[in-house]
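Hi everyone, thanks for coming. I'd like to walk you through one model today, starting with its charged side chains and ending with its core.

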Amino acid sequence: METEEAVMALAALSQPTRLEAFRTLVRHEPDGLAAGDLARLLEVPPNTLSAHLSILTRARLVTSERRSRSIVYRANLAEFRDVAVFLLRDCCGGRPEVCEPVVQSLQSCCSPKRKERSRVRSQV
């Protein structure tokens, strides 16, 4: 990732409505949300949300696809990951001990949940 791309993504997220839209789309992965549903959830007029989604799309943080009569928006988690990794690598400057606390906090809050195995005991 280039600096210009990271700046564009961070600028897109630096506005409260856009940040909340992105966070909401992340919570609705992998299905995404129709534009109207997202506008209702955020309590934002559809035309205002459209402008915000356009900025997030240009920053490649959001993708869209037409499904029947709706446009469904999804968070681009790969791009978000690239921005986060760019920041970590750039700020740590090859010194992993600098970013270790950040990495540890991510592991504790974002580690995948393991599926509980159901134990079926058969009686003989």
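**Charges and core**

Let's start with Glu-20, which is partly exposed because its relative accessibility is 27%; here buried means under 20% relative accessible area, exposed over 50%, and partly exposed in between, with a 1.4 Å probe and protein chains only. Before I go on: this is a predicted model, where local features need pLDDT of at least 70 and side-chain atom pairs count only at pLDDT 80 or more, while totals for chains, interfaces and linings use all residues. Residues are numbered from 1 along each chain as its sequence is written, and side-chain values use heavy atoms, leaving out hydrogens and water.

Which residue forms a salt bridge with Glu-20, with the closest N and O atoms 3.1 Å apart? That is Arg-23, where a salt bridge is a side-chain nitrogen of Lys or Arg within 4 Å of a carboxyl oxygen of Asp or Glu. Arg-27 also meets Glu-20 in a salt bridge, at 3.1 Å from N to O. Arg-27 counts as exposed, because its relative accessibility is 52%. The count comes to eight salt bridges by this rule.

Now look at Glu-79, which is buried because its relative accessibility is just 6%. Its contacts (heavy atoms within 4.5 Å) include Met-1 and Leu-61, not counting residues up to four places away in sequence.

Finally, the largest nonpolar core has 20 residues; such a core is a set of buried Ala, Val, Leu, Ile, Met, Phe, Trp, Tyr and Cys residues joined through side-chain atoms within 4.5 Å. Leu-53 is among those with the most contacts inside it. Beyond its neighbours within four places in sequence, Leu-53 contacts Leu-25, Leu-38, Val-62 and Tyr-73.
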